[in-house]
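Trainee: I should like to examine how the labels attached to charged pairs in a structure are justified. May we take them one by one?

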Amino acid sequence: GGLFMRSARGAAQLDLGFQRERLLVSQIDLGLHNLDSARARRVQDQVLEGLAALPNVEQVGIGSHIPLGGNNNGRNLYVDTRPTAAPQGMMMSFFSNVSPGYIPALGLRLREGRDFLPTDDDAAPRVAVVNRALAAALWPGEPVLGKRFRLEEQGPEVEVVGVIDNAQYLLLGEAPRPFAYFPIRQHPQKQTFIFMRTRSGDPLAAIPDLRRVIADINPNILIS
């Protein structure tokens with residue numbers, strides 16, 4: 001998370017769309033430990049539960065990508081309408097797969113709808129949270145909650161359950177760009193970032209507690 005922290009510190013006068021204060025970012029890669037998706041999910045759940053129980057932790061979540069980290073990927077979104085931004089019914093959006101708690105941990109501003117829930121899993125209908133730029137591109141001037149799109153041309157529908165303000169994703173000072181968030185329980189990811197917001201003090205002081213919680217779960221998991 002070093003690049004993220006340096007970029008955020010260098011943007012004191014910019015509205016990043018998220019809060020950098022008291023935020024500790026770290027990375028774990030469960031793919032290095034030959035864990036299947038089910039076991040990796042259990043470990044991620046245990047990490048989140050353990051960190052959330054720490055007295056000085058206000059919010060914690062995990063995500064597949066890090067803002068301003070240069071590692072965001074895009075994917076196509078398909079809709080049945082033909083807005084100006086998607087005249088063929090398809091538009092590319094950047095995205096991240098995230099856990100419940102990621103949105104408040106990063107300090108993203110949820111304007112409508114809800115955060116992801118633990119029940120947003122493989123057995124539940126597909127859902128997403130989108131930013132205002134994506135909402136305006138695909139459904140200009142319309143209410144967005146309950147709108148649907150697909151991730152494959154003939155794939156299952158994904159329902160929008162929340163809308164957040166735009167944020168800086170790739171470059172400082174960039175123009176608003178479409179961005180979608182998907183529940184990590186529906187889109188498993190073994191290499192993730194942990195976003196932990198402390199209640200007070202220097203977030204770096206929480207590193208020993210972070211390492212202890214993860215070591216208690218699996219001492220072989222490496223943290224960077």
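Mentor: Certainly; bear in mind that this is a predicted model. A search of the whole structure finds 14 salt bridges.

Trainee: Why is Arg22 called partly exposed?

Mentor: Arg22 has a relative accessibility of 29%. Partly exposed covers what lies between under 20%, which is buried, and over 50%, which is exposed; therefore Arg22 counts as partly exposed.

Trainee: What makes the contact of Arg22 with Glu58 a salt bridge?

Mentor: The closest N and O atoms of Arg22 and Glu58 are 3.3 Å apart. The cut-off is within 4 Å, so the pair qualifies. Arg22 lies in the loop between α1 (2-9) and β1 (23-29) and Glu58 in strand β2 (residues 57-63), so parts 36 residues apart in sequence are tied together.

Trainee: Which label applies to Arg185, buried or exposed, and why?

Mentor: Arg185 has a relative accessible area of 18%. Buried means under 20%, so Arg185 is buried. Its salt-bridge partner is Asp45, at 2.8 Å, N to O. Asp45 lies in helix α2 (residues 37-52) and Arg185 in the loop between β9 (179-183) and β10 (191-198), so this pair ties together parts that are 140 residues apart in sequence.

Trainee: How do you know which labels suit Asp80 and Arg150?

Mentor: Asp80, at 59% relative accessibility, counts as exposed because the threshold is over 50%. Arg150, at 14%, counts as buried because that value is under 20%. Asp80 and Arg150 form a salt bridge, with the closest N and O atoms 3.1 Å apart.

Notes:
Residues are numbered from 1 along each chain as its sequence is written. This is a predicted model: local features need pLDDT of at least 70, side-chain atom pairs count only at pLDDT 80 or more; totals for chains, interfaces and linings use all residues. Side-chain values use heavy atoms; hydrogens and water are left out. A salt bridge is a side-chain nitrogen of Lys or Arg within 4 Å of a carboxyl oxygen of Asp or Glu. Helices (H or I, at least four residues) and strands (E, at least two) are DSSP runs, numbered from the N terminus. Buried means under 20% relative accessible area, exposed over 50%, partly exposed in between (1.4 Å probe, protein chains only).
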